[in-house]
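Visitor: I'm new to this one, so please pick a single part and take me through it closely. Then show me how it fits in with the rest.

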Amino acid sequence: MTDVRLGMPELPAPPYPDEVRARLEADAAEVIARYPDSRSALLPLLHLVQSEEGYVSRTGMRFCADVLDLTTAEVTAVATFYSMYRRKPSGDYQVGVCTNTLCAVMGGDAIFAALREHLAVGNGETTDDGKVTLEHIECNAACDFAPVVMVNWEFFDNQTVESATRLVDDLRAGREVAPTRGAPLCDFRRTARILAGFPDERPGAVAAGGSAGPASLAGLRLAKGERGPATVAAPRRPEPPTGEEHPTHPSSHDAPQPSSASDPHHPAGPVTGEGE
């Protein structure tokens, strides 16, 4: 049921404490200077205020509106559009399980269901210790590593229920966790500051690399006329000699299916009466 609020309208958000505002204003001025139009700095500034509190609070949106000379309605419209901006306090580690088509069929749905039960949280909810926020997310453009889990936008490839469960247990216990590729893992607030455009000053973080796997580049190599890698697909069955019947296909997805036109005994459409 939708939560309906009656009575007086919500009061304006409180400002940041003076020392926090002064520090954020200095950072905001650096961000705004990168753009010819100040309002173009809104996205990184939302990441900046998210790095302060771990989510984009009403106070954070008021700050962005003030420094960019926008209305809070304009800022709110952007902050609520993009899922990377959290609207409520969340965990130190945002654990996202890809449940888009390929990851789902490769095990992503099973991983997400297992983590929900293991952590005792629902989608978008945070564990009681404040360490992990679990969510299902859309495609991460890493299909050749499916199923993929991301932690604070760093890749953990080729996951299983067992490996993903160990991953969240290690995060909650404070044990060091290394992404499959890319920069070393850091907490969500530090990640948000990096996304705001400030340098990652951890030793070796910038040099750490990560790129697509060989399967991602197979099409590009073929387009360039290069010889592709050996196929991993099962070879097609040879055509039977003329006069012999084709063998029955073992997969129901690819076998011809009767339609309402060709099989009047199995018409398309509902087979029960209205209301049943």
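Guide: Leu43, Phe81 and Tyr82 make up a nonpolar patch on the surface, with about 330 Å² of accessible area together. A patch here takes residues with over 30% relative accessible area and no salt bridge, joining like charges within 9 Å and nonpolar side chains (Val, Leu, Ile, Met, Phe, Trp, Tyr) within 5 Å. A salt bridge puts a side-chain nitrogen of Lys or Arg within 4 Å of a carboxyl oxygen of Asp or Glu. Areas come from the Shrake-Rupley method with a 1.4 Å probe, and for residues only the protein chains shown count as cover.

Keep in mind that this is a predicted model: local features need pLDDT of at least 70, side-chain atom pairs count only at pLDDT 80 or more, and totals for chains, interfaces and linings use all residues. Residues are numbered from 1 along each chain as its sequence is written, and side-chain values use heavy atoms, with hydrogens and water left out.

Back to Tyr82: this residue is partly exposed, at 39% relative accessible area (buried is under 20%, exposed over 50%, partly exposed in between, with a 1.4 Å probe and protein chains only). Tyr82 sits in the loop that links helix H4 (72–79) to strand E1. Helices (H or I, at least four residues) and strands (E, at least two) are DSSP runs numbered from the N terminus.

Follow that loop and you reach E1, residues 93–98, where 6 of the 6 residues are buried, so the strand is largely enclosed by the rest of the structure. In a regular strand, side chains alternate between the two faces of the sheet. In E1, Tyr93, Val95 and Val97 point one way while Gln94, Gly96 and Cys98 point the other.

Now for the neighbours of E1. E1 pairs with strand E3 (residues 132–137) in the parallel sense over 6 bridges, and Tyr93 has Val132 as its bridge partner there. E1 also runs antiparallel to strand E4 (residues 149–151), joined by 3 bridges, one of which matches Val95 with Val151. Two strands count as paired if DSSP finds at least two bridges between them.

Zoom out, and 5 strands form an open sheet in the order E2-E3-E1-E4-E5, with mixed pairing. Strand E2 (125–126) and E5 stand at the edges with a single partner strand each, so one side of each has no neighbour in the sheet.

Just past E5 (154–156), in the loop before helix H6 (161–173), you'll find Gln159. Gln159 is buried, at 11% relative accessible area. Leaving aside residues up to four places away in sequence, Gln159 touches Ile111, Pro147, Val149, Ala164 and Leu167 (a contact means heavy atoms within 4.5 Å). The side chains of Gln159 and Ser163 also share a polar contact of 3.0 Å; that term covers N or O atoms within 3.5 Å, where, within protein, one must be able to donate a hydrogen and the other to accept it, and residues adjacent in sequence count only if both atoms are side-chain atoms.

As for the whole protein, there are 8 helices and 5 strands, and 36% of the 276 residues are buried.
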